[in-house]
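Take a moment to turn the model around before you read on. This report walks through it from the whole chain down to single pairs of residues.

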Amino acid sequence: MFNFTNLKKTSTLALGLTFAVPSIAAEKHDDDKINDTMTVTAHEAFKKPGTNTEISEQDIRRDGGTNFGTIMRYQPLISASGTISGSGSGKSSWDRGGFTGYNIRGLDANRVSIDIDGMPLPIAQGRVNSVGRAGFGSYGIGRDYIDTYMYNKVDIQSGATSVGNPNNALGGSVSFQTKTASYYLYPGKTSYFGFQNNYDSADHSYHQGLTMAGGDDYLNGILVLSRRDGQQTRNHGDSISSYPENWHSNSILAGFGWQMTDEHLLNTTIDFNSKTKNSHYDTWDRYGKKIESFDHQRSKNNRFNLSIKDQWRPTDLSWIDILTTQLSYQRTNVYDDTDLRHKTKGNFNTQTNYNTKTYNFITTLLKSYENQKISAGLNAKWGEDESPFYTSAKSENSKIFPDGDYTKPQADSRSYQIGGFVEDRISFNYNETNNYYLVPGVRAIYQNTKPRNLDNMSVTGINSSNLSKQYSDNSDFQILPSLALMYDINPDFTAYLQYKRSAQMPNQNQLYGSYLAHSKMYVLVGDSNLKTETSNNFELGLKGHPVSGITLSSAVFYNRYKNFIAYTRYKKDFVGTGNRIVYQAENRDKAYIYGAELSSEFNFGTWSNAVNGLSARFAIGYNQGKSKSNYLGDKNVEMDSIAPLKSVIGLAWDDPNKFYGVAITTTLQKGKKAESTNRESYGNDGKPITDSIDEYFRVPGHGIIDLTGYVNISKNVKLSGGIYNLTNQKYWDYLSNNKLYSTSDHKYLDMFTAPGRTFQLGLDIDF
């Protein structure tokens, strides 16, 4: 592995000699090939329905996107939720902290697809194994396997994924695109060197990144290295500080592009990411009133990916313009080793793992014919996963659970998926100036999942034969149509109306999760007979440039869902356990979500040279959603995953000569209190469900002001930085903290506050 020690010392000294000037944009290359503004375009090549957002490498630098969560800080209806190690309702001592996934328009975690170059990341792991029903809907292992420096851009689909996306999901997708040499090289430029150094006071983290590329149109290559060292993310608690931790990550990417023939362009990428963390923390009870154990955890995770992609532009086949074929392999490993000092159960050690291996195949054909743009494709995915588990803890009641209160969180499994799609965009001309489009499409998917190695999940009284009766194959086939109408209000401004059907097939955690759990009474199990979650999605929107100098993307949407998977309580005689309370995964809920969002940018210099360099941005997002179970007497209850109203207002000045720039951005979010239900404790005994008396903590609204900017010291050297939460406001993130109880100790509540005033400093060198 590359030795970053000297690089870190040198870059840290450089930072110490600089002054705190904030960051808004990255330096442009001479030919402006790398664009440093986020735009939503409506030009012919990119006209497509739906809400699609692109976050470029320069946007990430400009907005201080140093990690999985902060790259989304200025998105109105997209955010990353997270948790703190060892604390929080429904959290066990050995679950790790960090980001669990993304939330898009009110759906989160595994209902949002996350991929790197088309390869999906592993699912977030539920924590019901260790905390019973209090853990329903929460996650012990998240989906943060990335380093933001390694990517040229992030593509986001809001709402149900398009038929052309092989990683279908109900809530949308976040796709990271790794750096390539062709992004930095062009005719006349055959080499590139980039160095980036950052310091972020929010977690006292240092970052050093190095990008080197060389070659030409025939053969080129790239090498990217990234190292990060940091501590715990600071909170704004008046009475208790964040629990101490230190972490380190290394990432490396190597790739090459080869124009083998006039028709074939081959790209190969190897990508590796590794992160280790040591942390000390207390674990509190469910209601945040007292500490139950004092813990120390050593954790690590890594991801390895190999991808080979061929782009074929045949000259002798009239029915193919471009055929892109990609083969990928991914391996991930998660390991957590936790020593616990429990007040009543004594000292013990727990080791949890989650390991996956995935093979992925994607091929896509594009063809333009007269007034049609036809796309079609096939994809296939094969994956295996395992969750080894060890604990030295002994059962409090050895007669009921002779093997201990804690068991393996889920069975090993194998899953494969085969899919295909076809979509046609048909354009029509009206009055010889305005186009309108009809866009029909359909995707077909088949998925099959089965358990493996049930012997290693067996316990006393429940052998693999018993388990095979409960855990068996699950398969489903879905046809997902879509239809859109688009109309060009002007050549660069388009209106659209869209319908999409989407599906989310059960994952292995829901199918084969946690046969026994920490309890003297409860048994928690998956269900091999789960149905697929489905949705019908409607969206009306506008996007493009209504007039010169304004970029706009707006949408209103309404989505209905059925067969949402949750846990239902039964009292019955369950195989190997006798007559007791059983919580079993079930297609229990239906739901709906509606809302609207708008993102816009204004370039005032387009209208007047006197204000050339002045720009503004405004974004706002609102959504509402409710769900209802199939329990007798239940009613629609607001979904706790729905974020409150959020708006982003920014004003920026860029020197017309690009010597310096400064911006001020305000983020405003309304307060909200989640609504509690008795669904997780309902007895399912024929009586109507009652209203819950639990009161969650009302997360107050907040307004955050960020001041950012940059100075181009020379053509190739730029100093940038920012001050975040300029007014040092104390606030909580709603999506990460909506299950805190209003009766919790104030010290406990303080632990979950977001950072106060922080700053970043960065040095970029590009040749």
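Here is a tour of the overall fold, then the strands, then the salt bridges and a patch on the surface.

**The whole chain**

First things first: this is a predicted model. The protein chain contains eight helices and 34 strands. If you lay the C-alpha trace along its principal axes, it spans about 80 × 60 × 45 Å. How does the radius of gyration look? A compact globule of 767 residues would have one near 27 Å, and the protein chain has 26 Å, so the two agree.

What share of the residues is tucked away? Of the 767 residues, 58% count as buried. The protein chain still exposes about 31,300 Å², with carbon and sulfur atoms supplying 55% of that area. Contacts also reach far along the sequence: among those between residues at least 6 apart, 70% join residues at least 24 apart.

**Strands side by side**

Now for the strands. In general, strands of a sheet pair through backbone hydrogen bonds, and they can do so parallel or antiparallel.

Let's begin with E13, E14 and E15. Strand E13 (residues 245-259) runs antiparallel to strand E14 (residues 264-284), and 15 bridges join them. Four residues sit between E13 and E14 in their hairpin. To find one rung of this ladder, look for Gly255, whose bridge partner in E14 is Thr269.

E14 also pairs with strand E15 (residues 291-312), again in the antiparallel sense, over 21 bridges. Here Asn273 has Arg303 in E15 as its bridge partner. The hairpin of E14 and E15 has six residues between the strands, and Gly288 in that hairpin takes a positive phi near 65 degrees.

Another run to trace is E31, E32 and E33. Ten bridges hold E31 and E32 together in an antiparallel pair, with Thr667 partnered by Ile704 in E32. E32 then pairs antiparallel with strand E33 (residues 717-724) through six bridges, where Tyr710 has Ser720 in E33 as its bridge partner. E32 and E33 form a hairpin too, with four residues between them. Is E32 mostly covered or uncovered? It is mostly covered, as nine of its eleven residues are buried.

There is also an open sheet of five strands, in the order E1-E8-E9-E4-E5, with mixed pairing. Its edge strands are E1 (51-56) and E5 (119-120), each of which pairs on one side only. Strand E4 (residues 113-116) and E5 run antiparallel and share two bridges, and Asp115 stands opposite Pro120 in E5.

**Charged partners**

How many salt bridges does the structure hold? There are 30. The table shows some of them.

| Residue with N | Residue with O | N to O distance |
|---|---|---|
| Arg61 | Asp766 | 4.0 Å |
| Arg62 | Asp63 | 3.2 Å |
| Arg679 | Asp634 | 2.8 Å |

Start with the salt bridge between Arg61 and Asp766. This pair links distant parts of the chain: Arg61 is in helix H2 (residues 57-62) and Asp766 in strand E34 (residues 758-766), 705 residues apart. Arg61 and Asp766 are both buried. In the next row of the table, Arg62 and Asp63 are buried as well.

What about the salt bridge of Arg679 with Asp634? Arg679 lies in the loop between strands E31 and E32, while Asp634 lies in the loop between strands E28 and E29, so this pair ties together parts that are 45 residues apart in sequence. Buried means under 20% relative accessible area. Arg679 has 4% relative accessibility, so it counts as buried. Asp634, at 12%, counts as buried too. Salt bridges with shared partners also build a network that joins Glu57, Arg61, Lys179, Asp764 and Asp766.

**A patch on the surface**

Finally, go to the outside. Tyr218, Leu219, Phe256, Trp258 and Met260 make a nonpolar surface patch of about 460 Å². Phe256 takes you back to a strand you have already met, as this residue lies in E13. With 34% relative accessibility, Phe256 counts as partly exposed, because that label covers values between the buried limit of 20% and the exposed limit of 50%.

Key:
Residues numbered from 1 in each chain as written. Predicted model: local features only at pLDDT ≥ 70, side-chain atom pairs only at ≥ 80, totals over all residues. Heavy atoms only, no water. Pairing = 2+ DSSP bridges. Patch = residues over 30% accessible without salt bridge, like charges linked within 9 Å, V, L, I, M, F, W, Y side chains within 5 Å. Areas by Shrake-Rupley, 256 points an atom, 1.4 Å probe, with all protein chains shown as cover. Salt bridge = Lys/Arg side-chain N within 4 Å of Asp/Glu carboxyl O. Buried < 20%, exposed > 50% of the residue type's maximum accessible area, 1.4 Å probe, protein only. Rg over C-alpha atoms; globule rule 2.2 N^0.38 Å. Contact = heavy atoms within 4.5 Å.
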